[in-house]
Amino acid sequence: MRTDDFISLLAQDTASPGNFRAAFTMAAAGGVIIAAVLFFAALGFRPDISEAMRSGRFLFKFVVTIALAVTAAGIVRRLGAPTGSLARRGGVLTLAPALLLGAVVFELIATPAGQWEARLIGRNAGLCLTLIPLLAIGPLACFLAALRRGAPANPGLAGAIAGLAASGVAATFYAANCADDSPLFVAAWYPMAALVVAAAGFLIGRKLLRW
Amino acid sequence: MTAPSREDDWAAWMRAAMAGDADAYRRFLVSIAPHLRAVARSRCRSLGVPEGEAEDVVQEVLLTIHLKRGSWDSSRPIGPWVAAITRNKLIDALRRRGRHVSVPIEEVVDTLRAEDRTPELGAHDIDALLSRLKARQRQIVQAISLDGASIRETAARLRMTEGAVRVALHRALKALGGLYRSDMGED
């Protein structure tokens with residue numbers, strides 16, 4: 001077939017291609033809603049939530065998880081275009097880890113060494129490692145569906161960062177249920193859960209997001 | 001024409017195309033094809049791939065630009081977007097031909113500034129892939145591309161509604177994109 005004829009063919013396909021940016025916005029909203037529904041249906045707030053709201057340690061968990069969700073989602077939005085890369089704005093992904101690291105240093109200074117181990121191990125490590133990935137499934141699926149509308153230059157990377165964004169959403173909800181508030185606990189277990197989801201995003205993205 | 005004004009035209013046509021202007025979209029595709037050809041031929045030459053295969057690459061890039069046009073953010077320049085899609089598909093197409101190459105994006109951007117208006121050599125991949133489409137999809141594609149029929153004429157000829165022809169055409173093009181990709185997996 002001649003290219004001129006091929007162009008005629010393409011020009012006749014006027015079905016709207018769907019815009020990646022619009023799909024991404026929908027996905028972000030959809031992911032939050034799915035995670036919220038699952039959270040309120042199956043978990044809910046911890047019983048002492050009103051007391052917890054007055055605790056800086058409790059509230060700081062949300063600073064970290066929301067920072068992760070927002071920064072990673074912003075990067076996913078950039079990586080959906082074929083021109084997107086981590087080179088220019090990828091640095092924002094260090095924000096959540098840096099905040100968490102700061103909180104860990106504060107905790108180490110503020111609490112006696114004898115309490116460190118108990119605070120790090122906490123009571124809910126197993127739940128943290130299960131519930132964050134479970135709550136992240138919905139948001140991850142939404143982000144991946146949006147990315148299929150895009151053209152990520154590096155499908156595996158885009159999937160992995162989508163996994164981080166989904167973990168940020170999931171962890172924000174989970175943190176409202178979890179009774180372990182020490183930054184030591186958060187630093188030990190939350191990143192592990194996020195990495196599991198990021199790895200899943202990488203593996204799925206590498207297959208699903210090729211174009 | 002200088003590069004910025006050319007890209008302004010491309011962007012304007014593409015924006016109009018997104019708003020449903022089929023003529024503007026055709027102008028866009030016709031206008032970028034010689035640039036894609038320049039890139040494809042120069043790459044084939046430098047890697048010792050027969051130049052006759054360059055047109056196959058041009059068509060694969062055009063199809064990808066078509067299927068992925070929703071990934072262009074219309075508030076941003078279109079040149080880098082075209083270059084990035086071209087580079088990505090160039091690498092796929094050359095890899096399928098057994099050449100493991102890296103293609104610097106700067107080179108694609110530079111060569112995209114050139115145009116190759118020499119007559120196109122025939123493309124072959126597309127015809128082989130068409131034969132793997134569903135019969136109805138293939139009939140529609142052939143009526144429109146080879147016979148130059150409009151959607152309406154195609155619908156009348158195949159006793160379908162125009163809407164059904166449009167849907168089938170869209171699916172056929174998506175299927176073609178998948179066939180190009182799966183070919184890569186088999187090699």
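Below is a short chat about a predicted model with chains A and B.

Biologist: Let's start with chain A. How many helices and strands does it have?

Modeller: This is a predicted model, remember. Chain A has ten helices and zero strands. Along the sequence the pattern reads α-α-α-α-α-α-α-α-α-α.

Biologist: What box do its C-alpha atoms fill?

Modeller: Roughly 75 × 35 × 25 Å for chain A, along the principal axes.

Biologist: Now α8 of chain A. What should it span, and how far apart are its ends?

Modeller: Helix α8 of chain A covers residues 125-149, which is 25 residues. At 1.5 Å a residue, it should span 36 Å. The end C-alpha atoms are 36 Å apart, so the two agree.

Biologist: Where is the kink in α8(A)?

Modeller: At Ile137(A), and the kink is about 40 degrees. The proline Pro139(A) comes shortly after that point.

Biologist: Switching to salt bridges. How many over all chains?

Modeller: The count is 21 over all chains. One of them joins Arg46(A) to Asp181(A), with the closest N and O atoms 2.9 Å apart.

Biologist: What does that pair tie together?

Modeller: Arg46(A) sits in the loop between α2 (20-42) and α3 (49-52) of chain A. Asp181(A) sits in the loop between α9 (155-175) and α10 (183-208) of chain A. So the pair ties together parts 135 residues apart in sequence.

Biologist: On to the interface. How many residues of each chain are in contact?

Modeller: 46 residues of chain B contact 32 residues of chain A. About 3,400 Å² is buried between the two chains. Carbon and sulfur atoms give 61% of that area.

Biologist: And how many salt bridges between chain B and chain A?

Modeller: One. Asp73(B) pairs with Arg21(A), the closest N and O atoms being 3.5 Å apart. There are also twelve residue pairs in polar contact between the chains, both residues at pLDDT 80 or more.

Biologist: Which helices of chain B supply its side of the contact?

Modeller: α2 (22-47), α3 (54-67), α4 (79-96), α6 (125-130), α7 (135-145) and α9 (162-186) of chain B each supply at least two residues.

Biologist: What is that side made of, by class?

Modeller: The side of chain B touching chain A has 24 nonpolar, nine polar and 13 charged residues.

Technical notes. Residues numbered from 1 in each chain as written. Chains lettered and ligands numbered in written order. Predicted model: local features only at pLDDT ≥ 70, side-chain atom pairs only at ≥ 80, totals over all residues. Heavy atoms only, no water. Helix = DSSP H or I, 4+ residues; strand = E, 2+ residues; numbered from the N terminus. Expected span 1.5 Å × (residues − 1). Bend = angle between axes of the 7 residues up to and from the residue. Contact = heavy atoms within 4.5 Å. Buried area = accessible area lost by both parts, 1.4 Å probe. Salt bridge = Lys/Arg side-chain N within 4 Å of Asp/Glu carboxyl O. Polar contact = N/O pair within 3.5 Å; in protein donor to acceptor, adjacent residues only side chain to side chain. Nonpolar A, V, L, I, M, F, W, Y, C, P; charged D, E, K, R; others polar.
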